[in-house]
Amino acid sequence: MVNRCGACGQDTLGRNWTFENRPGEVFCDSCANGPRCYDCGGPSGRAWVFDDGRKQCDRCRSSSVLDKSSVLALANVILDFMHSSLRMSLSPLPEIHLASLDQIRAAFETPRPDAAGICIIKSGSHPTILVPYGMARLPLATLLTHELAHVWVFQNARTKLAISSIAHEGFCEWVAWQTAIGCFRSQTEANKIAKKDGRYGTWFRAMASLHTSIPAIDIPILVSHEDSRIPRAVLKDSGKVTSVHGLGVGIFKIGRDKGCCNILIENPYASRTHSSVQVEARGTAYLRDLGSRNGTKVNGRDARSSALRPGDTIQLGSTSLIFDSVARPV
Ligand SMILES: [Zn+2]
Ligand SMILES: [Zn+2]
Ligand SMILES: [Zn+2]
């Protein structure tokens, strides 16, 4: 069987390279080892080249956003979602411009040679966002959402999110992650955010595990979409549902300690930090008992650590917690 390379269309001669953000495609040796697309990271093949040096594959080129009205239309889709699903409203709205990477990087006060976009906020003047022209629609949406979230933080939550500026980056990544899943139904974009290395990835993961425990950020967790699957924990006391927690990527501590537990339970048999549920980017989840006095049971059996499946019941004294999931897109 002949496999055609996703970049050049030639026979891959059985080498069949694959790339994470290009599901369903295979590539030949020479394309796999050639230049990469700025937007998806896959082989760019014959490569469209922008004047700031970015290369782009045919696939990304097909959804390339090249003019101002298209980027504003995309921003409106994102702003609608932020408003209706995350309860984040921006006022005044920022100005949004397409620019070259060189222009974007030159707009920072201290040079940022790796920057992909910028949100310029100075008191007394209109917030302005610069994003690269020509990016593919979905990666651009992620970048734009991140910058719009910066504007929201500046306008609404500077005091509520009294945390370091790099933690703001984690929050903006979290908003982009929610939007990738809830608005654009793109697991590929969501995974790119969740798996990032370095400070952005670290702070995204911290933020994803924190957001259930920061009541000051008045943002509901995205939990219901008919055709998607998002892990959640349904807390029951003596058989009655007392609360439902949407679980993002991260570690959620369960116990009596208000200071450090994401899911609080009030029963005398529970320890201060009793157990934890860890949710990974792929949606797999694990329970760990954190050395509790009375132990944790999963489906009636004592468990120190256990993989969790939708429908599993976690028992902590008289409190039970059903691990299940609601819709999430593929
Ligand atoms: Zn090829
Ligand atoms: Zn691409
Ligand atoms: Zn940022």
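**Exercise 1.** In this predicted model, determine how many bridges join strand E8 to E9, and in which sense the two strands run.

*Solution.* Begin with strand E8, which covers residues 250-255, and look across to strand E9, which covers 263-264. Two bridges join E8 to E9, and the strands run parallel. To place one of the pairings by residue, take Ile254, whose bridge partner in E9 is Ile263.

**Exercise 2.** Work out the strand order of the open sheet of five strands, and state which strands form its edges.

*Solution.* Reading across the sheet, the order is E9-E8-E10-E11-E14, and the pairing is mixed. The edge strands are E9 and, at residues 305-308, strand E14, each of which pairs on one side only.

**Exercise 3.** Describe the open sheet of three strands by its order, its edges and the angle between neighbouring strands.

*Solution.* The order of this sheet is E3-E5-E4, again with mixed pairing. Its edges are strand E3 (95-99) and strand E4 (118-120), which each pair on one side only. If direction is ignored, neighbouring strands of this sheet are turned by 20° against each other on average.

**Exercise 4.** Establish in what sense E3 and E5 pair, and which helix lies across them.

*Solution.* First consider the pairing: E3 and strand E5, the latter made up of residues 128-132, pair in the parallel sense over five bridges. Next, locate a pair of residues within this ladder, where His97 has Leu130 in E5 as its bridge partner. Finally, turn to the helix: H3, formed by residues 68-86, lies across both E3 and E5 and runs at about 130° to E3.

Technical notes. Residues numbered from 1 in each chain as written. Chains lettered and ligands numbered in written order. Predicted model: local features only at pLDDT ≥ 70, side-chain atom pairs only at ≥ 80, totals over all residues. Pairing = 2+ DSSP bridges. Helix = DSSP H or I, 4+ residues; strand = E, 2+ residues; numbered from the N terminus. Axes fitted to C-alpha atoms, helices over the stretch in contact; angles between N-to-C directions. Contact = placed C-beta atoms within 7 Å.
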